[in-house]
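Here is a short briefing to read alongside the structure. Take a look at the model first, and then go through the points below by topic.

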Amino acid sequence: MSTEGQTLVNHLGELRKRIIITLLSFLTFLVGSFIFIQDMYKLLIRDLNKELAVLGPSEILWVYFMISGVCAMALTIPIAAHQTWLFVKPGLTEKERKTTLAYIPGLFSLFITGLSFGYFVVYPTVLTFLLTLSNGQFETMFTAEKYFKFMINLTLPFGFLFEIPLIVMFLTSIGIINPMLLSKARKVSYFVLTVIAIFITPPDLISDILVIVPLLFLYECSVTLSKIVYKKRNKRQSEDDNVIRMKKTS
């Protein structure tokens with residue numbers, strides 16, 4: 001086998017190792033979350049003044065797995081990010097290694113912040129609005145599966161969307177994107193984010209606005225942060241070039 005073939009096999013073996021570690025971590029957190037699932041279930045329905053119905057025994061298990069899955073996903077994010085960093089680490093310089101490693105805690109923090117925003121702000125507002133529409137007109141009865149699907153659909157996307165600024169900072173720091181590109185793509189980005197907001201929210205104007213405004217704000221934050229990182233990156237490159245030039249002339 002050629003050297004290139006051996007290198008490819010080594011890379012694939014390393015990639016498989018990182019994926020397996022990530023999957024095992026997810027399964028471990030899933031089992032751990034399932035142990036405390038009843039406590040989490042009671043916590044999530046503590047403000048609901050209605051009894052949740054189930055249409056069959058399997059639905060109870062499905063609801064428990066949904067809740068445990070979200071918890072396991074949140075806890076797995078820093079491990080998945082670290083495994084990704086370990087995979088690309090050999091191809092990075094020392095400065096790039098330190099820079100990319102510093103983003104890992106932020107990924108977890110922003111994911112939790114996004115979930116919290118969705119759960120404490122968007123979800124109760126949308127639920128209250130929808131219940132107001134049915135007040136005096138319909139007898140509302142929730143099944144556990146539909147209730148938690150509704151909750152997760154309104155909260156989980158925010159966990160990922162709140163990571164946009166950090167992802168933009170990372171891509172800017174390694175030179176893939178820059179603030180000029182983000183500024184030029186503002187109209188297209190606004191349109192895409194608006195479509196995403198409409199897609200993940202119930203079909204009413206208030207819900208759409210509650211999601212669209214934070215997403216557009218996150219995009220503008222991303223542009224600003226990209227400018228800061230871009231300036232620091234250019235300054236660092238200029239300093240490195242000066243050091244190299246001085247070494248050549250000395």
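**Long-range contacts and overall build**

Among the contacts in the protein chain with a separation of 6 or more, 82% are between residues 24 or more positions apart. Please keep in mind that this is a predicted model. The protein chain has 10 helices and zero strands, and its C-alpha trace spans about 85 × 45 × 30 Å along the principal axes.

**Fold and dimensions**

- Following the sequence of the protein chain, you will meet the pattern α-α-α-α-α-α-α-α-α-α.
- The radius of gyration of the protein chain is 23 Å, whereas a compact globule of 250 residues would have one near 18 Å.

**Surface and charge**

- About 15800 Å² of the protein chain is exposed, and 69% of that area is supplied by carbon and sulfur atoms.
- Of the 250 residues in the protein chain, 34% are buried.
- The side chains of the protein chain include 24 positive and 17 negative ones, with 12 Å between the centres of the two sets.

**The largest nonpolar core**

- As general background, nonpolar side chains in soluble globular proteins tend to be buried together.
- Here the largest nonpolar core contains 51 residues, and Leu52, Tyr147 and Phe148 have the most contacts inside it.
- At least two residues of this core come from each of α2 (37-44), α3 (57-88), α5 (103-134), α6 (144-161), α7 (164-173), α9 (186-200) and α10.
- Helix α5 gives the largest share of this core, with 10 residues.
- Which residues does phenylalanine 148 touch, leaving aside its neighbours within four places in sequence? Its contacts are Tyr41, Leu44, Ile45, Leu52, Val63, Met66 and Ile67.

**Two buried residues in helices α5 and α6**

- Valine 126 sits in helix α5, and it counts as buried because its relative accessible area is 1%, under the 20% cut-off.
- From valine 126 to leucine 44 the C-alpha to C-alpha distance is 16 Å, and the two are 82 residues apart in sequence.
- Leucine 154 belongs to helix α6.
- Is leucine 154 buried or exposed? With a relative accessibility of 2%, leucine 154 is buried.
- Leucine 154 and phenylalanine 65 have 18 Å between their C-alpha atoms and are 89 residues apart along the chain.

**A partly exposed residue in helix α3**

- Threonine 84 has its place in helix α3.
- Why does threonine 84 count as partly exposed? Its relative accessibility is 48%, and the partly exposed class lies between the 20% and 50% cut-offs.
- The C-alpha atoms of threonine 84 and leucine 61 are 32 Å apart, with the two residues separated by 23 residues along the chain.

**Arginine 233 in helix α10**

- You can find arginine 233 in helix α10, which covers residues 205-249.
- Arginine 233 counts as buried because its relative accessible area is 19%, and buried means under 20%.
- Once its neighbours within four places in sequence are left aside, arginine 233 is in contact with Thr172, Ser173, Ile174 and Gly175.

How values were computed. Residues are numbered from 1 along each chain as its sequence is written. This is a predicted model: local features need pLDDT of at least 70, side-chain atom pairs count only at pLDDT 80 or more; totals for chains, interfaces and linings use all residues. Side-chain values use heavy atoms; hydrogens and water are left out. Helices (H or I, at least four residues) and strands (E, at least two) are DSSP runs, numbered from the N terminus. The radius of gyration is taken over C-alpha atoms; the globule rule is 2.2 Å times the number of residues to the power 0.38. Buried means under 20% relative accessible area, exposed over 50%, partly exposed in between (1.4 Å probe, protein chains only). Contact means heavy atoms within 4.5 Å. Accessible areas come from the Shrake-Rupley method with a 1.4 Å probe; for residues, only the protein chains shown count as cover. Lys and Arg count as positive and Asp and Glu as negative; His and the chain ends are not counted. The place of a charge is taken as NZ of Lys, CZ of Arg, CG of Asp or CD of Glu. A nonpolar core is a set of buried Ala, Val, Leu, Ile, Met, Phe, Trp, Tyr and Cys residues joined through side-chain atoms within 4.5 Å.
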